[in-house]
Amino acid sequence: MASTKSDLKLRILLVGGGGREHALAWKLAQSDRVEAIHVVPGNGGTVGVPKCNNIPALSPDDFAALVRHAAENTLNFLIPGPEAPLVAGITDYFARHAPNIRVFGPGRAAARMEGSKTFSKDFMRRHHIPTARYENFSDRDAAEAYLDSVDYAVVIKADGLAAGKGVVIPTSKAEAQSALQSIMGDKEFGSAGDAIVVEECLEGDEISILTLTDGFTIRSLPPAQDHKRIGDGDTGPNTGGMGTYAPTPSVSEAQLEEIEKTVLRPTIDGMKAEGMTFVGCLFTGLMLTESGPKVLEYNVRFGDPETQSCLALLDSDLAELLHACSTGSLADHQLKVSGMSACTVVVAAAGYPGSYAKNTPMRVRPTSEGGTTYIFHAGTTLDDEGKLRTSGGRVIATTAIGQTLREAVNRAYSGVALIEFEGLQYRKDIAKRALR
């Protein structure tokens, strides 16, 4: 077994190359316990983080190569960032082939909570966790008949992984039937749409809570609010997330206590009871409805871009917390956050979330001194000459902290002005609802 001693120097294999992984690398590198971080594949921002090495030649999906790399470089702690490797069973693979390496992340069985929307909704029903009314379908005719029969607004969700875009919120029955055609007929999201969830459309304030757990103890970061749609005023298609702020002022302490009691605790206990003890970060998306908080979805990893905002507020040693989750000793650690507010604004490529250009030259000017504004890269890479270029849809983000939310928002937008590339787009209204 790997050492659980708190003096063990951590040599980390961080899997992923998005904004979440840049933020994780940035925070992990601040720990005295962390000796080295190998980021697979990394991006144009992680290359500049102290203690970090990008490993662009390795694929996050090639588990055998990751195990070999870890052995060759005496890495002792695996942190998978994105959902795909977790759903594909990276934790189980390392348990079999590299049992001396600790892992922060759930096994394949527990990762089904994100990998299958139908599975997670049925789990909520079994454990009496508040959520929207729903039905699951793998037969399109049955789904069409159900849509015709219901008298409330619906949301249609592809069952499998769809990079945050597999959710359609139709405004009419005709739009709902069209969405069925796109998902189940035209296979817009591939095999992710072989089954779907049709659920009641809930109204209220939407929030995200990131909870660290060793399967027993839970420690949550401040609640955040994401902005999913591409356009100002929540218009246009869904994206992976265009910006966040935290903590969300719309959530009271009493509501947070209710969420822990009615959602988070029963979820972790229910998973343990079903033989899939959850170790890692449980992301819970909730709607604060008039009849109380209800779960919209689970993710089985840090959210993106929620992580950027939440980690900017974290005062505790992140490496200590994550390693404690992997050793079952989270009860010995407190999660402390500053009393500040944080805001993240995502800058995307022209055309996103549809088709977009890659390999566009870009420039990022340095942030001013003072440690209140940070730039987290996502879809960026360095070319052969070491010049920065775009490589994804969500390209880069600015995160800022302030004594007030207004101050954090203003600083984040000032940070956006430091980013230059052709056709960039971003929302101008992150946190506007809260500031009203």
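In this predicted model, Y134 stands opposite E199, a residue of strand β9. The neighbouring pair follows the same theme, since the bridge partner of E135 in β9 is V198. Altogether four bridges join β6 to β9, which covers residues 196–200, and these two strands run antiparallel.

Strand β9 also has a second partner, because five bridges join it to strand β7, residues 154–158, again in an antiparallel arrangement, and five of the five residues of β9 are buried, so the strand is largely enclosed by the rest of the structure. Within this second pairing, I156 has V198 of β9 as its bridge partner. V198 is therefore a useful residue to find in the structure, because it is the bridge partner of E135 and also of I156, while β9 as a whole is largely enclosed.

The wider sheet can now be described: four strands form an open sheet in the order β6-β9-β7-β8, with antiparallel pairing. Its edge strands are β6 (134–137) and β8 (167–168), each of which pairs on one side only. In a regular strand, the side chains alternate between the two faces of the sheet.

| Strand pair | Bridges | Direction |
|---|---|---|
| β6 and β9 | four bridges | antiparallel |
| β7 and β9 | five bridges | antiparallel |

Elsewhere in the chain, helix α2 spans residues 63–72, and its buried residues are F63, A65, L66, V67, H69 and A70. An α-helix has 3.6 residues a turn, so residues three or four places apart point the same way. The cover over the buried residues of α2 includes two strands, β1 (10–16) and β2 (34–41), together with two helices, α3 (83–87) and α4 (90–97). After α2 comes T74, whose phi is positive, near 45°.

These elements belong to a protein chain that has 13 helices and 24 strands. How does the radius of gyration of the chain relate to that of a compact globule? For 436 residues a compact globule would have a value near 22 Å, and the chain has 21 Å, which agrees. Along the principal axes, the C-alpha atoms fill a box of roughly 60 × 50 × 40 Å.

Of the 436 residues, 58% count as buried, and among contacts with a separation of 6 or more, 69% involve residues 24 or more positions apart. The chain exposes about 17500 Å², of which carbon and sulfur atoms supply 48%. There are 44 positive and 53 negative side chains, and the centres of these two sets lie 3 Å apart.

How values were computed. Residues are numbered from 1 along each chain as its sequence is written. This is a predicted model: local features need pLDDT of at least 70, side-chain atom pairs count only at pLDDT 80 or more; totals for chains, interfaces and linings use all residues. Side-chain values use heavy atoms; hydrogens and water are left out. The radius of gyration is taken over C-alpha atoms; the globule rule is 2.2 Å times the number of residues to the power 0.38. Buried means under 20% relative accessible area, exposed over 50%, partly exposed in between (1.4 Å probe, protein chains only). Contact means heavy atoms within 4.5 Å. Accessible areas come from the Shrake-Rupley method with a 1.4 Å probe; for residues, only the protein chains shown count as cover. Lys and Arg count as positive and Asp and Glu as negative; His and the chain ends are not counted. The place of a charge is taken as NZ of Lys, CZ of Arg, CG of Asp or CD of Glu. Two strands pair if DSSP finds at least two bridges between them.
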